[in-house]
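Me: I would like to go through this structure by question and answer, with the criteria stated as we go.

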Amino acid sequence: MASFKCKDMGMKCKFELKDENQEELMQIVALHSEKTHNMKQPLPPDMMARLRIAIKK
Ligand SMILES: [Zn+2]
């Protein structure tokens, strides 16, 4: 089970997510970051790296 908390990305955001599939989780997080945090998609490599670190397995 992979899990993600937006605050682990340094965001003041209560968004949390769990998913069996890490790739699926990353897609949902990317969607969230676009809609909630106005981040352009695809995320730049440094953001992707931070995202991967923030995901707990
Ligand atoms: Zn968020």
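Reply: What follows takes up the metal site, the core, the strands and the salt bridge in turn.
This is a predicted model, in which local features need pLDDT of at least 70 and side-chain atom pairs count only at pLDDT 80 or more, while totals for chains, interfaces and linings use all residues. Residues are numbered from 1 along each chain as its sequence is written, and side-chain values use heavy atoms, with hydrogens and water left out.

Me: What is the arrangement of the four donor atoms around the zinc ion?
Reply: Donors are N, O and S atoms within 2.8 Å of the metal (3.2 Å for Na, K and Ca), and sites may look incomplete because water is not among the atoms. Here the zinc ion is coordinated by Cys6 (SG), Cys13 (SG), His32 (NE2) and His37 (NE2), at 2.0 to 2.3 Å. Four donors count as tetrahedral if all angles lie between 85 and 135 degrees. The donor atoms subtend angles of 104 to 114 degrees, so the arrangement is tetrahedral.

Me: How many residues apart in sequence are the parts that Cys6 and His32 tie together?
Reply: The donor residues follow the spacing C-x6-C-x18-H-x4-H. Cys6 lies in the loop between S1 and strand S2 (16–19), and His32 in helix H1 (helices, H or I, of at least four residues and strands, E, of at least two are DSSP runs numbered from the N terminus). The pair therefore ties together parts whose separation in sequence is 26 residues.

Me: Which residues outside its neighbours within four places in sequence is Leu51 in contact with?
Reply: Leu51 is among the residues that touch the most other members of the largest nonpolar core, which has 15 residues (buried Ala, Val, Leu, Ile, Met, Phe, Trp, Tyr and Cys residues joined through side-chain atoms within 4.5 Å). Strand S1 (2–5), helix H1 (22–37) and helix H2 (45–54) each supply at least two residues of this core. With contact meaning heavy atoms within 4.5 Å, the partners of Leu51 beyond those neighbours are Met9, Met26, Val29 and Leu43.

Me: Is Ser33 buried or exposed?
Reply: Buried means under 20% relative accessible area, exposed over 50%, and partly exposed in between (1.4 Å probe, protein chains only). Ser33, which lies in helix H1, has 5% relative accessibility and therefore counts as buried.

Me: Which side chain meets that of Asp8 in a salt bridge?
Reply: A salt bridge is a side-chain nitrogen of Lys or Arg within 4 Å of a carboxyl oxygen of Asp or Glu, and a search of the whole structure finds one. At 3.4 Å, N to O, the partner of Asp8 is Lys56.

Conventions:
Four donors count as tetrahedral if all angles lie between 85 and 135 degrees; four count as square planar and six as octahedral if opposite donors are over 155 degrees apart and all others between 65 and 115; anything else is irregular.
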